[in-house]
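Let's take a friendly walk through a protein structure together. Keep the 3D view open and turn it as you read.

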Amino acid sequence: MATSSVSKGCFVFKPDIKKRKISVPIEDYFNNENLESEDSKLRFETYHLLWQRMKSETEQLQEELNKNLFDNLVDFLQKSHSDFQKNSSNWGCQMKFREIPTAALILGVNVTDHDLIFKSLTETLQNNVTPYVVSLQAKDCPDVKHFLQKLTSQLMDCCVDGKSKEVKSVKTPKKTNYSMDSLSSWYMTVTQATCPKMTIKKRTTSSQWQSPPVVLILKNMESFSTKVLQDFIIISSQHLHEFPLILIFGIATSPVIIHRLLPHAVSSLLCIELFQSLSCKEHLTVILDKLLLTAQFPFKISKKALQVLTNIFLYHDFSIQNFIKGLKLSLLEHFYLQPLSVLCCDLPEAKKRIKFFSVNQCENIRRLPSFRRYVENQASRKQVTLLTNETVLKEETQLLLENLHVYHMNYFLVLRCLHNFTSCLPKYPLGRQIRELYCTCLEKNIWDSEEYASALQLLRMLAKDELMSILEKCSEVLQSSTEKHLDSTTQKVKDFLTQFQNLDADSKEEEDACGSQSKGLQKTDLYHLQKSLLEMKELRRTTKKQTKFEMLRENVVNFLDNLVRVYLLPPESQPLYEVVYFSAAHTLREHLNAAPRVALHTALNNPYYYLKNETLKSEEGCISNIAPDVCIAYKLHLECSRLINLVDWSEAFATVVTAAEKVDANSTTSEEMNEIIHARFIRAVSELELLGFIKPTKQKTDHVARLTWGGC
Amino acid sequence: MSTLQLKESKVLNVQFVGDDNVLNHIFDREGGTKLKKEKAQLLVNPQKIIKKPVCESEKNDQEVLKDQNYVEVLGRNIQDSLKNGSAVDGGNKVYSFQQRKHSEEMAKLALELAKTARKVVPLDSKADPETKKKVTRKGKGHSTSEKVQPENNNKAECLSAPPRSLRKRIIVPVSHCDSESEYSASNSEDDEEAARDDEDADVVVLSQKSRAQSRVLPAPVSKGTPLKKMKRDKASDLVEEYFEAHSSSKVLTSDRTLQKLKRAKMDQKMLRNLLSKFSPSFSAEIEQLNQQHEKLFRKWMLQLHLGFNIVLYGLGSKRDLLEKFRATMLQGSVHVVINGFFPGISVKSILNSITEDVLNHMGTFQSVLDQRDWIINKFKEDSSLELFLLIHNLDSQMLRGDNSQQILGQLSSLHNVYLIASVDHLHAPLMWDHAKQSLYNWLWYETTTYSPYTEETSYENSLLVKQSGSLPLSSLIHVLRSLTPNARGIFRLLIKFQLDNQDSPSYIGLSFQDFYQQCREAFLVNSDLTLRAQLTEFRDHKLIKTKKGTDGVEYLLIPVDSRTLADFLEKEEEEAS
């Protein structure tokens with residue numbers, strides 16, 4: 001069937017029922033033709049399982065992070081509503097009675113994540129506070145009428161959810177008028193009707209709420225038009241006594257926006273309380289912490305890929321959702337591209353899988369650069385067996401995988417310890433966030449870097465209490481792991497701690513000694529003082545005696561340095577690291593952070609980049625005259641300022657093209673040739689128009705306007 | 001003025017030097033005393049000057065002079081501001097902002113390009129804005145005497161390294177330029193006007209020019225202000241440059257029009273015929289590119305199924321690629337192909353085809369949003385439903401609106417709706433804010449194909465393609481043939497009335513009552529019921545549109561352009577005779 005027509009633009013294709021049944025399962029698409037690997041299905045399953053685990057982990061994290069905020073919010077709602085219910089005759093309460101309780105929720109600029117937060121917020125509120133939760137978006141409410149309409153219909157829907165379909169009959173009359181009056185009367189009937197039911201159900205809230213409040217969530221408050229907001233607030237404040245409304249503003253920027261949007265007369269009708277959600281950067285830290293900086297998930301990301309992902313986050317959108325999407329894509333790509341990624345699962349499972357490896361897969365292992373390096377370092381006899389005997393290879397691989405696992409376990413513990421040490425240093429030589437530290441550690445031997453040296457120097461100057469608190473944190477970190485690989489280290493840290501505590505006693509004695517000495521210095525004249533000071537200096541230099549504390553501090557720093565050198569080796573040093581590390585950072589950038597304009601410009605400006613034909617090869621910024629028509633037209637159009645005369649353009653084009661043709665055919669220009677060239681020019685121009693480089697203009701006859709400025 | 005000059009002492013100031021001034025220089029040079037006579041000669045000439053600037057040697061001379069000035073003014077600058085080797089060459093091309101000069105330059109460039117296959121066009125896009133800036137500066141024409149000074153000032157430098165092609169031209173007039181330059185001063189403003197008016201009518205230009213000329217003679221020869229420093233601040237603000245380049249509405253280009261070219265406008269069909277005769281080059285390489293892209297098909301399917309949506313970008317039509325994808329991958333599944341480039345496409349029609357053809361729903365919806373909600377619910381309820389959406393040109397005129405994108409984004413965010421789309425426009429990504437982007441959940445794929453946008457541009461109202469209107473015409477004829485003679489008569493009446501009124505801008509249609517009257521008079525109908533019955537038929541064929549006027553009266557209008565209607569009448573009469 002054709003998909004081009006002059007009368008319609010949509011073409012629906014429905015295969016026969018029989019045909020439709022044989023749809024291909026997804027895992028079949030997973031088969032990467034370049035790899036010729038037989039276990040694509042297994043890999044897909046592994047991917048799927050791992051992703052599900054990671055996803056549920058992120059969701060759980062999100063929930064935990066939001067919990068605090070939601071608890072506060074629910075408290076606020078309940079409190080403000082119970083105030084309303086008391087209905088006292090107190091003057092102050094009466095004044096307050098006029099104010100709509102409002103929670104201003106500051107969520108940050110990562111608008112894309114807000115939807116999730118609002119979704120879970122709605123759920124929490126519906127479970128804990130009131131069945132009547134409505135959320136509105138600015139797009140749906142261009143004016144008050146639509147605002148009320150949306151509000152009403154959503155409220156009715158809430159009601160339908162709560163009760164059965166009997167309410168449907170109520171639905172019909174409301175279509176005509178939407179007003180606050182009708183809303184409040186509806187509210188009265190509904191609450192009275194549901195009250196007995198609720199008590200029967202013994203809902204926790206029902207005793208408290210004779211009439212549950214109506215919570216209205218305004219997503220992204222900045223985008224609402226001020227007029228609508230103002231009108232709505234004024235109207236609803238008039239009906240507050242019969243329609244208990246509570247507002248929640250979602251704010252992306254800053255709380256000042258409320259006062260900018262609403263004049264004092266309106267904002268004084270609101271009783272606003274601010275709530276701040278967790279900043280997205282902290283959120284990211286937590287996610288990284290739980291997904292990547294742990295041995296729980298076998299999948300790891302190389303330095304470059306991690307940098308791409310964090311850069312997209314930090315410089316483009318601050319969106320956790322997008323970060324997770326990037327993570328998903330890297331996981332997918334890893335499993336798609338790496339045939340050995342089948343081993344990227346939990347250790348026992350991986351060991352089991354190795355046993356069933358085919359010859360092909362074994363060959364794949366041998367081909368891994370890291371494995372080859374490893375083999376080269378073995379004794380020659382072992383080299384031969386590893387390269388020829390499959391069972392030996394499999395055993396060895398199992399061992400290596402276990403080592404890799406242990407390496408990761410230790411790696412993250414030590415990394416955290418190091419981070420504890422460096423994160424309190426002035427100027428943060430190794431970065432403030434653990435992800436920065438992680439990146440540097442992934443890249444190279446961290447102890448070779450200047451920053452590390454300076455960080456150690458700074459550590460050698462720490463005070464005792466700082467050191468102690470750091471050590472305490474470290475011991476916590478080390479103890480948190482269930483595995484026993486770093487037992488000795490943990491013990492050592494504890495020893496250090498006790499030594500520091502013992503120092504207190506020792507230092508007292510020392511102080512006494514100092515005190516006695518200083519006494520001797522009293523009551524001398526200047527000459528003697530100078531003399532004795534010089535003597536003391538001499539004395540210190542010759543003995544160079546460090547205090548116990550200084551020695552201990554030195555020991556701690558050396559110990560740390562030692563730890564780092566042993567455990568924070570870059571992953572490239574580990575055999576089989578390719579199995580778990582995703583390193584194709586460029587694919588991430590290509591697919592997530594594409595640059596279509598650059599691609600377009602390159603294609604037009606330098607066709608050789610795509611069409612590898614030697615005749616197209618040209619110097620920088622130049623173009624050969626046999627390039628595709630669009631490219632030539634584009635080049636010529638770059639010459640012009642804002643308006644381009646089509647005649648001139650076409651003539652220039654014709655000159656170039658005829659010359660190129662002549663080279664080819666040596667024929668004289670016939671009329672037909674000219675026609676064809678003109679047609680080609682027309683096509684090139686209309687293509688440039690489609691691409692958005694030019695547009696027709698009426699400023700001058702037969703001219704087009706250029707839409708780009710400079711060279712793209 | 002003084003402050004301005006102060007400012008200009010730092011910033012390069014270049015004034016426009018129009019033809020008249022240039023002429024002046026020349027004639028002056030040839031004999032200062034003969035000025036008046038030359039002026040007379042000038043008055044005779046402008047027509048020629050405007051139309052065929054290069055045909056006579058004398059005028060070639062003028063061109064040379066102009067050239068020289070530009071070279072002087074700009075050459076230096078470019079040498080200053082551009083460090084790369086191609087500065088001189090680039091400059092050569094970049095002066096070409098002037099009207100005729102410009103076309104010449106483009107042509108020249110083309111010629112150079114043409115000379116050898118290996119010959120290359122050095123281009124410096126950076127130099128472009130610079131030039132534009134100068135154009136606008138000239139346009140302002142507020143200062144008087146320093147206009148040409150800088151040019152003289154810089155002659156030396158320019159001569160030291162002139163572009164090869166211009167060397168000859170520069171050498172000729174050097175000696176004169178210095179002494180005469182002041183004359184151009186007060187004149188330039190008029191020139192600008194003249195240049196602008198060129199567009200409208202030559203007559204005006206003539207008078208303008210003569211006026212300008214007459215004023216030249218008594219023009220006060222101002223003392224040359226201190227030589228302007230040509231050094232420009234290289235780090236001049238890019239933003240400033242941009243606005244200066246765009247501050248003036250005047251852009252100078254040549255006045256040639258396509259009409260003067262003997263080549264007639266061709267229509268779509270002819271265009272296609274002609275293009276089919278031309279075999280595209282590099283087909284092997286393009287084929288290779290395509291094969292690379294085709295390898296990705298399976299991966300696309302995988303990623304679509306995993307919740308991503310795919311967007312293709314890059315030069316060249318991606319239609320064939322997507323068609324191939326459809327043919328190889330989607331045969332077993334329900335899919336909708338949407339031609340975004342189709343001028344009649346709308347979100348409404350997309351949603352309609354989903355509800356009617358895919359979901360077999362026959363009801364109607366109050367609004368597009370209702371329809372969207374209904375579809376979304378349907379897909380959420382029934383997870384066994386699967387739908388592939390293939391959208392060619394998601395960034396087309398019709399679909400790029402905020403609302404359309406929002407709706408399509410919401411559809412594509414459903415887990416059982418898979419969207420694969422292509423975008424071509426340079427600024428396509430600007431359609432989506434963060435919220436929409438997260439709805440779409442795009443994976444970007446670069447698929448540069450270099451294939452011509454045949455289908456995509458065929459609907460476009462290109463400047464160079466004649467609006468053939470063959471389609472509406474044939475459909476008109478087709479429909480009307482099936483009608484009764486009376487109905488045809490009625491329709492003809494309406495056409496005639498519309499053609500008679502086509503020039504009046506306030507024409508909104510023929511009111512029903514008037515129409516009825518006319519039909520009665522022509523014995524075409526006997527009651528307004530019969531007329532209404534006929535009209536219903538027309539309306540069903542979308543031949544007429546009815547509109548309620550402000551007074552509540554129904555107005556009838558044929559939504560076809562008047563040329564087609566005229567053609568139609570012509571044909572009808574031919575047949576009748």
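## What pairing means

Before looking at any strands, here is one term: two strands count as paired if DSSP finds at least two bridges between them. An example from chain B shows what a bridge looks like in practice: B:Lys547 stands opposite B:Tyr555, which belongs to strand 8 of chain B. Please keep in mind that the whole model is predicted.

## A hairpin in chain B

Now follow that example along the chain. Strand 7 of chain B covers residues 545–548, strand 8 of chain B covers residues 554–557, and the two pair in the antiparallel sense over four bridges. Besides the pair you have just met, B:Thr546 has B:Leu556 in strand 8 as its bridge partner. How many residues lie between the strands of this hairpin? There are five, and within the hairpin B:Gly552 takes a positive phi near 85 degrees.

Strand 8 of chain B has another neighbour to find. Strand 6 of chain B (residues 510–511) runs antiparallel to strand 8 and is joined to it by two bridges. Here B:Leu510 is matched with B:Leu556. Look at B:Leu556 once more: this residue is also the bridge partner of B:Thr546.

## Two annotated stretches of chain B

UniProt, in an unreviewed entry, lists residues 504–562 of chain B as "domain: Origin recognition complex subunit 2 winged-helix". In the model, this span is 41% helix and 17% strand, and its end C-alpha atoms lie 12 Å apart.

Another UniProt record, also from an unreviewed entry, places "domain: Origin recognition complex subunit 2 RecA-like" at residues 285–446 of chain B. Helix makes up 46% of that span and strand 17%, with 16 Å between the end C-alpha atoms.

## A sheet built from both chains

Which strands sit at the edges of the six-stranded sheet? To find out, trace its order, 1(A)-2(B)-3(B)-4(B)-1(B)-5(B); this is an open sheet with mixed pairing. The edges are strand 1 of chain A (10–13) and strand 5 of chain B (442–446), each of which pairs on one side only. From one strand to the next, the twist averages 15 degrees.

Zoom in on one pair inside this sheet. Strand 2 of chain B (residues 335–339) and strand 3 of chain B (residues 387–392) run parallel and are joined by five bridges. Within this pair, B:Asn339 stands opposite B:His392.

## A three-stranded sheet in chain A

Chain A has an open sheet of three strands in the order 9-11-10, with antiparallel pairing. Strand 9 (643–645) and strand 10 (694–696) are its edges, since each pairs on one side only. Neighbouring strands here are turned by 35 degrees against each other on average, ignoring direction. Strand 10 is linked to strand 11 (residues 703–706) by three bridges, and A:Ile694 faces A:Arg706 across that pair.

## Spaces inside

How many cavities of 30 Å³ or more does the structure hold? The count is 14, and the largest has a volume of about 190 Å³. Its lining has 16 residues, of which A:Pro298, A:Cys345, A:His405, A:His408 and A:Val580 are the closest to the centre. Helix 15 (347–355) and helix 19 (390–422) of chain A each give two or more residues to this lining, and helix 19 has the largest share, with four. By type, the lining splits into 11 nonpolar, three polar and two charged residues.

The second largest cavity contains about 120 Å³ of space. Among the residues lining it are A:Gln62, A:Asn110, A:Asp113 and A:His283. Helix 3 (40–86), helix 5 (111–128) and helix 12 (280–291) of chain A each supply two or more lining residues; helix 3 gives the most, with three. This lining is made up of six nonpolar, five polar and one charged residue.

## A salt bridge between two helices

Over all chains, the structure has 22 salt bridges. One to look for joins A:Asp289 and A:Arg416, whose closest N and O atoms are 2.9 Å apart. This pair links distant parts of the chain: A:Asp289 is in helix 12 of chain A and A:Arg416 in helix 19 of chain A, 127 residues apart. You have met both helices already: helix 12 helps line the second largest cavity, and helix 19 helps line the largest.

Technical notes:
Residues numbered from 1 in each chain as written. Chains lettered and ligands numbered in written order. Predicted model: local features only at pLDDT ≥ 70, side-chain atom pairs only at ≥ 80, totals over all residues. Heavy atoms only, no water. Axes fitted to C-alpha atoms, helices over the stretch in contact; angles between N-to-C directions. 1 Å grid on protein atoms, 1.4 Å probe; cavity = no way out; pocket = protein on both sides within 12 Å on 5 of 7 lines; lining within 4 Å. Points joined across faces, edges and corners; volume = space filled by probe spheres on them. Nonpolar A, V, L, I, M, F, W, Y, C, P; charged D, E, K, R; others polar. UniProt positions renumbered as here; feature names shortened; annotations may be inferred. Salt bridge = Lys/Arg side-chain N within 4 Å of Asp/Glu carboxyl O.
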